[in-house]
Every structure is written in C-alpha cells, then in structure tokens.
Amino acid sequence: MNATLTPPAVLKGATTETVDTPDGPFSVIEAEGAVLSSGWTSLPEDLIGQIHPSLRAARFDPAASAMGPILEAVGRYYDGDVDAITAVQVRQVSGPFRAHAWDVLRTVAPGAPVTYLEYAARAGNPSAVRAAAGACARNAAALFVPCHRVIRTDGSLGGFRWGLPLKQRLLDREASRVPAR
C-alpha cells in the first residue's frame, strides 16, 4: 500500500507503506529517501504524532521519495542481515543532546545491547541517564534507530513503545545472527 499521506496535509509529499514482517505489520513514513517515522503498526496514522512538528509542517518533493531501498533493508534485516538497517537515512529533529543520542544509537552493534548508563556515557554525558532514556522514548524511527538495543543496568528490558515481547524478539534475532565475539 504505497500512498501519499493525505491526512494531515502537512505531510505533503511524504509516502507511507506497510509491510508484513515476522513481528507483524511494519509501517514507514518516508520523505525524500529518509525515514521520518516507523513502527510495528498497520496504521501509519499512529506514527504521525512521533514526527517533530517542524517536519510535519514541511513540504516534501514526492518525486524524491525512495521507499524501495528502505523496505528492502527491512526485508534484509528480517532475512538475517541485521546490519541492513544502518544504511537507511533517517530524519529526526530535536535538541542537541537528543539528536546526538539518536546518532549514537545507530552505532550500537546488533547482538551487543548497552545499558541506559552505557548509552548516556556514549552520548557524552554519563549522568544523563534519564535524558538518554528520553531519547529512546522519543525515537520516531524504530528499527532504523535501534532503541531496542538499550536495556536496564540489571539486564531487564526497560521500556519499548512497541511492547517488551517485541523488544525481546528483536534482541534474540540479532543475537542469533551475530558471530560470537
């Protein structure tokens, strides 16, 4: 289902598509080759609220849309190439710490989850554990910015917008695809 989003019109030029995955339907909102929002839902409307208002107000060139490579990366991820998602462009907007923290999330290797404390340290501020957790909670580009790879210090899962059972399946999938270190 590749359709230009009509409601709300503020996403003019963005496209959306939903594909089936072993974890259920996965929807992506994309503009000009970059993921604006994504997650395990059959309703792309569920994702719009996660997009920063400045991006929701932007007009995108529908001719520059490129959903194919994004969906190909999702398929490759589920086929076992857990690194396939790293090549997908993402566009998210926030303050300096959160924006940097999202970039740092993209460097967390599959099969090697980090704790919120380690994540905060990697983002440059070990005392900013709550801010690091907030970056995970406000991440609009699930899977492509792999917030599921952050766990609590005690080894428990913590939170995940799409549910803890899904977070565990993603972690298990990645652990089984990465060679032992």
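A residue is counted as buried when its relative accessible area is under 20%. In the predicted model described here, aspartate 23 has a relative accessibility of 11% and is therefore classed as buried. This residue takes part in salt bridges with arginine 169 and with arginine 173, and the description below leads from the arrangement of the domains to these charged pairs.

The chain is divided into two domains, domain 1 spanning residues 15-79 and domain 2 spanning residues 96-176. The C-alpha centres of domain 1 and domain 2 are separated by 20 Å. At the interface, 17 residues of domain 1 are in contact with 16 residues of domain 2. Between them the domains bury about 1,400 Å², and 63% of this area lies on carbon and sulfur atoms. Within domain 1, the residues that lose the most area to domain 2 are Trp40, Gln50 and Tyr77, which together account for 51% of what that side buries.

Polar and charged groups also take part in the interface. Between domain 1 and domain 2, 7 residue pairs are in polar contact. Several elements build the side of domain 1 that touches domain 2: strand 3 (24-31), strand 4 (34-39) and helix 3 (67-78) each supply at least two of its residues. Strand 4 gives the most to this side, contributing 5 residues. Sorted by class, the side of domain 1 that touches domain 2 comprises 11 nonpolar, 5 polar and 1 charged residues.

Salt bridges were then examined. Side chains of opposite charge can pair when their charged atoms come close. The whole structure contains 6 salt bridges, and 2 salt bridges are found across the interface of domain 1 and domain 2. In the pair formed by aspartate 23 and arginine 169, the N to O distance is 2.8 Å. Aspartate 23 also meets arginine 173 in a salt bridge, with an N to O distance of 2.9 Å. The latter pair links distant parts of the chain, with aspartate 23 in the loop between strand 2 (15-21) and strand 3, and arginine 173 in helix 7 (residues 164-177), 150 residues apart. Like its partner, arginine 173 falls under the cut-off of 20%, so that at 15% relative accessibility this residue counts as buried. Through shared partners, salt bridges join Asp23, Arg169 and Arg173 into one network.

A further salt bridge is formed by the side chains of arginine 91 and glutamate 32, at an N to O distance of 3.7 Å. This pair, too, links distant parts of the chain: arginine 91 lies in the loop between strand 5 (89-90) and helix 4 (96-105), while glutamate 32 lies in the loop between strand 3 and strand 4, 59 residues apart. Arginine 91 has a relative accessible area of 27% and is therefore partly exposed. Glutamate 32 is likewise partly exposed, with a relative accessible area of 30%.

Within helix 3, glutamate 72 forms a salt bridge with arginine 76, and the closest N and O atoms are 4.0 Å apart. Because glutamate 72 and arginine 76 are 4 residues apart in helix 3, about one helical turn separates them. Arginine 76 counts as partly exposed, at 38% relative accessibility.

Notes:
Residues are numbered from 1 along each chain as its sequence is written. This is a predicted model: local features need pLDDT of at least 70, side-chain atom pairs count only at pLDDT 80 or more; totals for chains, interfaces and linings use all residues. Side-chain values use heavy atoms; hydrogens and water are left out. Domain bounds come from an automatic or database domain assignment. Contact means heavy atoms within 4.5 Å. Buried area is the accessible area (1.4 Å probe) that two parts lose on being put together, summed over both. A polar contact is a pair of N or O atoms within 3.5 Å; within protein, one must be able to donate a hydrogen and the other to accept it, and residues adjacent in sequence count only if both atoms are side-chain atoms. Ala, Val, Leu, Ile, Met, Phe, Trp, Tyr, Cys and Pro count as nonpolar, Asp, Glu, Lys and Arg as charged, and the others, Gly among them, as polar. Buried means under 20% relative accessible area, exposed over 50%, partly exposed in between (1.4 Å probe, protein chains only).
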